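Please keep the sequence and the three-dimensional view side by side while reading. The paragraphs below are meant to be followed on both.

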Amino acid sequence: MTSDSRIIFLDVDGTILAHGETIAPSTVSAVRAARDRGHLVFLCTGRAAGDIHPRVLDIGFDGAISNGGALAVVGDETVLAETMPRAAVERVMSYFDEQGTRYFIQSHAGVYASAGVRTFIADFIAERRRRHQDDQSTVALAEDVVAAPSFTPVEEADLDHIAKAVFVSPDPDAVEKTQRALGDEFHVIPGSMPLPTGSNGEVGMRGTNKGTGIAAVLDHLGRDASEAVGIGDSWNDVEMFEVCGTAIAMAEADPALQQIAGEVTTGVLDDGIWNAFARHGLIDPRTAA
């Protein structure tokens, strides 16, 4: 590791993956080239560790922050592992059951789905596939990495080992209503699923977020936040942007998120990661993407 090495944190959906479907080949090249130059590259995702697609992991990383900051792993070492208190999990589930809202609960190992979620996700993926096939430029740029849903029913979840919940609702105001109903104990933010109607969101414990996960990794490695680069596109990336010395939003990110980051790269399938890395000298821009 060189004296000027950086530590980079990359969101997954909308940053590495285009909504769970495609990876730009330049992203793979950028991550591997940066690591070859001595930089550390970490995943930083709201997904459960057990729900990260194998082909994302196959790119090669130095560790991962998952479940929106609840789990942080450096190499093979776990430096942070948090879960929601069982009473909090039961409260969230009861609220969604009362509202008739479809939801997931996530342990660090996997994802558990309420009734109706399998049908919803199958329809969602089918629609994304149709759009993908209609966009020939996307097909030419990236590989299809759509995975069939394989969620376990919530009835089989161990509620003592849940770190986060995700919900989908036909109500466009569901995120705000959920925060009001659950109160200040919980951190409720908009999710990143590109739904045609309605809304989706994420629920975790207040004080657990990507920023706290990054802080744990930096402390473990003895690195300063000024050395950290965070790249993302979603509302669960706000705290990452606030912690990292260099914050970069993807072109598809909400304009308000772009303002929080202060810097914007190109789109996820328009060499966004590669261009950000090249701009900051993390890779040799003269090398073909």
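What follows goes from the whole chain to a central strand, then to the nonpolar core, and finally to one helix.

The model is a predicted one, and its secondary structure consists of 10 helices and 15 strands. Of the 289 residues in the protein, 54% are buried, and the accessible surface comes to about 12,500 Å², with 48% of that area belonging to carbon and sulfur atoms. Among contacts with a separation of 6 or more, 63% are made by residues 24 or more positions apart.

A useful place to begin is strand E1. This strand is covered on both faces, with Ile7 and Phe9 buried on one side and Ile8 and Leu10 buried on the other. Such a division fits a general rule, which is that in a regular strand the side chains alternate between the two faces of the sheet. E1 pairs with E3 in the parallel sense over 4 bridges, and within this pairing leucine 10 stands opposite leucine 43 of E3. E1 also runs parallel to E14, to which 4 bridges join it, and here phenylalanine 9 has glycine 230 as its bridge partner.

Leu10 leads on to the largest nonpolar core, a set of 32 residues in which Leu10, Phe61, Ile231 and Phe277 have the most contacts. At least two residues of this core come from each of strand E1 (7-10), helix H1 (25-36), strand E3 (40-44), strand E14 (228-232) and helix H10 (272-279), and H10 gives the most, with 5 residues. Once its neighbours within four places in sequence are left aside, phenylalanine 61 is in contact with Leu10, Ile16, Val31, Arg35, Val41, Phe42, Leu43 and Val56.

Helix H6, spanning residues 174-182, can be read by its two sides. Which of its residues are buried? They are Ala174, Val175, Thr178 and Leu182, and because they cover an arc of only 100° around the axis, they lie on the same side of H6. The underlying geometry is general: an α-helix has 3.6 residues a turn, so residues three or four places apart point the same way. On the other side of H6, Glu176 and Arg180 are exposed. The cover over the buried residues of H6 includes helix H3 (86-99) together with strands E11 (164-169), E12 (186-190) and E13 (199-205). After H6 comes glycine 183, which has a positive phi, near 85°.

Definitions and conventions
Residues are numbered from 1 along each chain as its sequence is written. This is a predicted model: local features need pLDDT of at least 70, side-chain atom pairs count only at pLDDT 80 or more; totals for chains, interfaces and linings use all residues. Side-chain values use heavy atoms; hydrogens and water are left out. Buried means under 20% relative accessible area, exposed over 50%, partly exposed in between (1.4 Å probe, protein chains only). The arc is that of the directions from the helix axis to the C-beta atoms. Contact means heavy atoms within 4.5 Å. A nonpolar core is a set of buried Ala, Val, Leu, Ile, Met, Phe, Trp, Tyr and Cys residues joined through side-chain atoms within 4.5 Å. Accessible areas come from the Shrake-Rupley method with a 1.4 Å probe; for residues, only the protein chains shown count as cover. Two strands pair if DSSP finds at least two bridges between them.
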